[in-house]
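Good morning, and thank you for making time for this presentation. I would ask you to keep the structure in view while I speak.

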Amino acid sequence: MAIKTHEYLILAFETSCDDTAVALYSSLNGLLAHKIFSQFETHQKYGGVVPELASRDHLAKILPLTLEVLEQAGQKLPPNSCTNLSLEAITHIAYTKGPGLLGALLVGASFAKTLSFVLKIPAIGINHMEGHIFAPSLESELELPFLSLLISGGHSILVEVIALGEYKILGQSLDDAVGEAFDKCAKLLGLPMPGGRNLENLAAQHQGDLYPFPTPMVRHKTLNMSFSGLKTAVLNQVIASRQEFGENLPAQELAKIAKSFQTAAIETLYFKVRKALKLTSHRRLIISGGVSANTYLRQRFLSLQAETGVEIMYPRFEFCTDNAAMIAVACAKRLEAGIWADENFADEEVKVRFSLEDL
Ligand code: KG4
Ligand code: ZN
């Protein structure tokens, strides 16, 4: 492996949806500090993310979080360190360029480009999904090529990562993303936000038999997936259970529905990944994005590891869901490889839709 001598000190921003996140990353010393502010409380009473409120929250939080990150990083330095963590020490700004909510992306991009103008350093727009793919490299080097399963609130994608910036999408959800299905089912079960994590916790309380929910497209010959039928099955079960138990379902019944849903959703992912591994012969699998924080998923995929011998890697739990450290690390990789396009004000766009294959 090449020895790195040049240091990139990257201040990164992630504002694609309902998390405001800032990170400071050194290409020589790794992550120096990071902060995430989750807007659950803002959106809770509406039962889902309200785009305009998300933008307002990003605007309110982005400067205080940046100051906190700089302070946190400064405190970590040894007393006689010659490293200077003033804004002037930063060599590059990274921000999420897309995909995401337009107003939310614009807040991060505007803040990043203003800093870039004042500090006279480049601002580099990063694809959010590329950030998720490389999040595990915050812990250890990733050897290319590999198969990536990207599972978040907006995406369920199986992608071949041939090289940095070279991606081939093998399959994806044709309707709801798996994280979206977790969120919608959590809402049907009356759980507060964050739905995915709360549904997992509820499911863990059930032991015993499960409802036989569908695993749509599992036997389909393509690597595409579908999760909206599963969500409808949960809705129908909630209606049927209410007829049996009354309007307020007992906790045990809610837990049984949650576990039945989670099992069916993860089985769908499991069989699609298994098929993709067979078709491509990859020996390494990276699973990332918010749903990769699911402990049941990680346990289930141990069987795949045992059966196929494939090496499976995940991001550290705190870097499964949206964060700016992954944006910084993807930016560092691009700088090291010499493949980045935006410099200063050259590319002004943010992209609501931004496929990995467009990179
Ligand atoms: O990557 P992420 O933070 O945002 C997007 O890019 O969409 O992913 C958020 C998604 C949400 O749908 C959330 O329900 C899901 O990840 N999620 C989980 C868990 N933690 C977050 N789903 C299942 N189990 C979890 N523990
Ligand atoms: Zn994400």
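I shall go through the metal site, the salt bridges, the aromatic contacts and a surface patch in turn. Please bear in mind throughout that this is a predicted model.

Let me begin with the zinc ion, ligand 2. Which protein atoms serve as its donors? They are NE2 of H128, NE2 of H132 and OD of D322, lying 2.0 to 2.1 Å from the ion. Along the chain, these donors follow the spacing H-x3-H-x189-D. H132 belongs to helix α4, whereas D322 sits in the loop between β10 (311-313) and α10, and the two are 190 residues apart. H132 is buried, because its relative accessible area is 0%. D322 is likewise classed as buried, with a relative accessible area of 13%; the cut-off for that class is under 20%.

I turn now to the salt bridges. As a general remark, side chains of opposite charge can pair when their charged atoms come close. A search of the whole structure finds 14 salt bridges, and I shall discuss a few of them.

Helix α4 appears again here. E130 forms a salt bridge with R334, with 2.7 Å between the closest N and O atoms. E130 is in helix α4 and R334 in helix α10, so this pair ties together parts that lie 204 residues apart in sequence. Are these two residues buried or exposed? Both E130 and R334 are buried.

The bridge between E52 and R56 has an N to O distance of 3.1 Å. Both residues belong to helix α2 (residues 51-76), four residues apart, which is about one turn of the helix. E52 counts as exposed at 53% relative accessibility, and R56 is exposed with a relative accessible area of 53%.

K256 and D209 also meet in a salt bridge, at 3.6 Å from N to O. K256 lies in helix α8 (residues 251-280) and D209 in the loop between α6 (195-203) and α7 (228-245), so parts 47 residues apart in sequence are tied together. Here K256 is buried, with a relative accessible area of 13%, while D209 is exposed, at 54%. In addition, D176, E180, K184 and K231 are joined into one network by salt bridges that share partners.

Next come the aromatic contacts. How many aromatic pairs does the structure hold? It holds six. One of them is the edge-to-face pair of F13 and F111, at 5.2 Å centre to centre and with 90° between the planes. This pair links distant parts of the chain, as F13 is in strand β1 (residues 9-14) and F111 in helix α3 (residues 102-119), 98 residues apart. F13 counts as buried, at 1% relative accessibility.

F134 and F146 form an edge-to-face pair as well, 6.2 Å centre to centre with 75° between the planes. F134 lies in helix α4 (residues 128-134) and F146 in strand β6 (residues 146-151), so the pair ties together parts twelve residues apart in sequence. F134 is buried at 2% relative accessibility, and F146 is buried at 1%.

Elsewhere, ring pairs link Y270, F271 and F301 into a cluster. The charged end of R300 sits over the ring of Y270, 3.8 Å from its centre. In a similar arrangement, the charged end of R298 sits over the ring of F317, 4.1 Å from its centre.

Finally, the surface. L102, L106 and V352 form a nonpolar patch there, with about 240 Å² of accessible area together. V352 is placed in the segment after α10 (325-337) and is partly exposed, with a relative accessible area of 42%.

Notes. Residues are numbered from 1 along each chain as its sequence is written. Chains are lettered from A and ligands numbered from 1 in the order in which they are written. This is a predicted model: local features need pLDDT of at least 70, side-chain atom pairs count only at pLDDT 80 or more; totals for chains, interfaces and linings use all residues. Side-chain values use heavy atoms; hydrogens and water are left out. Patches are made of residues with over 30% relative accessible area and no salt bridge: like charges are joined within 9 Å, nonpolar side chains (Val, Leu, Ile, Met, Phe, Trp, Tyr) within 5 Å. Accessible areas come from the Shrake-Rupley method with a 1.4 Å probe; for residues, only the protein chains shown count as cover. A salt bridge is a side-chain nitrogen of Lys or Arg within 4 Å of a carboxyl oxygen of Asp or Glu. Buried means under 20% relative accessible area, exposed over 50%, partly exposed in between (1.4 Å probe, protein chains only). Rings of Phe, Tyr and Trp (its six-membered ring) pair if their centres lie within 6.5 Å; planes under 30 degrees apart count as stacked, over 60 as edge-to-face and the rest as tilted. A charge sits over a ring if NZ of Lys or CZ of Arg is within 6 Å of the ring centre and within 35 degrees of the ring normal. Donors are N, O and S atoms within 2.8 Å of the metal (3.2 Å for Na, K and Ca); water is not among the atoms, so sites may look incomplete.
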